[in-house]
Amino acid sequence: MKTLYLIRHAKSAWDSTASSDFDRPLNERGRSDAPRMAAFLRAQQIVPDQIVSSSAIRANTTARLIARGLDQDESSVMLDRRIYLADVHQLQSILREFPDSWQSVMVIGHNPTLTDCANALTGDVLNSLPTCSVYGIRLAIDSWLKLRNGVGERILYQVPKELTESP
């Protein structure tokens with residue numbers, strides 16, 4: 001069994017002076033939601049073998065805040081630029097490249113791809129993962145190479161607005 005946690009980046013600043021969508025930072029709510037979500041995950045004793053993130057600023061920052069909140073070294077976050085513009089098929093191809101030594105992985109990325117991936121792997125019908133939400137999937141596979149649609153079962157779905165105000 002493998003476990004995959006899909007995490008949509010935290011709320012970003014649409015009014016930022018960033019030169020591109022890729023460079024858009026988190027806003028104040030995003031900077032507070034990510035540590036709160038990390039505290040929730042830590043309380044659930046969810047600590048992944050690896051965190052893999054889109055290299056877009058808002059996803060990268062979310063990943064580092066979550067790593068810090070899980071007492072993991074922020075420098076261990078693996079960035080993959082391909083996640084930024086990937087569609088669901090491309091994201092699943094990236095997941096199939098993961099080493100089998102990783103039993104549990106968090107992927108921080110973007111919508112609609114993460115929602116599409118959650119739906120494809122589990123058969124759920126989510127409309128859209130909110131920012132900084134976590135969708136956990138238990139995968140009935142022993143190798144990432146065997147990742148296919150329908151091999152997953154949802155084991156967690158948590159959105160920031162349902163968390164208490166303090167971590």
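**Reading strands, cores and rings**

Modeller: Four bridges join strand β2 to strand β4 (residues 104–109), and the two strands run parallel. Please bear in mind throughout that this is a predicted model.

Colleague: Which residue of β4 stands opposite glutamine 50?

Modeller: Glutamine 50 faces valine 105 in β4. Strand β2 is also joined by two bridges to strand β3 (residues 78–79), again in parallel. In that pairing, serine 53 is opposite leucine 79 of β3. Between β2 and β3 the chain passes through helix α2 (residues 57–69), giving a β-α-β crossover that is right-handed.

Colleague: Are the residues on the two faces of β2 buried or exposed?

Modeller: To read a strand, one considers its two sides separately. In β2 (residues 50–53), Gln50 and Val52 lie on one side and Ile51 and Ser53 on the other, and all four are buried. Both faces of the strand are therefore covered, given that buried means under 20% relative accessible area.

Colleague: How should I read the accessibility of a single residue, for example isoleucine 7 in strand β1 (residues 2–8)?

Modeller: One compares its relative accessible area with the cut-off. Isoleucine 7 has 0% relative accessibility, so it counts as buried. Its contacts, leaving aside residues up to four places away in sequence, include Leu41, Ile66, Met106, Val107 and Leu114. The C-alpha atoms of isoleucine 7 and alanine 59 are 9.2 Å apart, although 52 residues separate the two along the chain.

Colleague: What is the relative accessible area of arginine 96?

Modeller: Arginine 96 belongs to helix α4 (residues 88–96). Its value is 21%, so it is partly exposed. Beyond residues up to four places away in sequence, arginine 96 touches Trp144, Leu145, Leu147 and Arg148. Threonine 164, by contrast, is 68 residues from arginine 96 in sequence and 35 Å away in space, C-alpha to C-alpha.

Colleague: Why would one look for a nonpolar core?

Modeller: In soluble globular proteins, nonpolar side chains tend to be buried together. Here the largest nonpolar core has 25 residues, and Leu4, Leu6, Phe98 and Val107 have the most contacts inside it. Two or more residues come from each of β1, α4, β4, α5 (113–122) and β5 (134–139). Leucine 6 illustrates the packing: among the residues it touches are Val107, Leu114, Cys117, Tyr135 and Ile137. Another core, of 24 residues, lies apart from this one and includes Leu26, Ile46, Ile51 and Met106.

Colleague: How many aromatic pairs does the structure hold?

Modeller: There are four. To classify a pair, one needs the separation of the ring centres and the angle between the planes. For phenylalanine 22 and tyrosine 84, the centres are 5.0 Å apart and the planes stand at 90 degrees, so the pair is edge-to-face. The pair links distant parts of the chain, since phenylalanine 22 is in the loop between β1 and α1 (28–43), whereas tyrosine 84 is in helix α3 (residues 82–85), 62 residues apart. Phenylalanine 22 and tyrosine 84 are both buried.

Colleague: Which residue has its charged end over the ring of phenylalanine 22?

Modeller: That residue is arginine 81, with its charged end 4.3 Å from the ring centre.

Colleague: Which residues form one aromatic cluster?

Modeller: Phe98, Trp102 and Trp144 do so. Phe98 has already appeared among the residues with the most contacts inside the largest nonpolar core, and Trp144 among the contacts of arginine 96.

How values were computed
Residues numbered from 1 in each chain as written. Predicted model: local features only at pLDDT ≥ 70, side-chain atom pairs only at ≥ 80, totals over all residues. Heavy atoms only, no water. Buried < 20%, exposed > 50% of the residue type's maximum accessible area, 1.4 Å probe, protein only. Pairing = 2+ DSSP bridges. Right-handed = clockwise from strand over helix to strand, strands pointing away. Contact = heavy atoms within 4.5 Å. Core = buried A, V, L, I, M, F, W, Y, C linked by side-chain atoms within 4.5 Å. Phe/Tyr/Trp six-rings, centres within 6.5 Å; stacked < 30°, edge-to-face > 60°. Lys NZ or Arg CZ within 6 Å of the ring centre and 35° of its normal.
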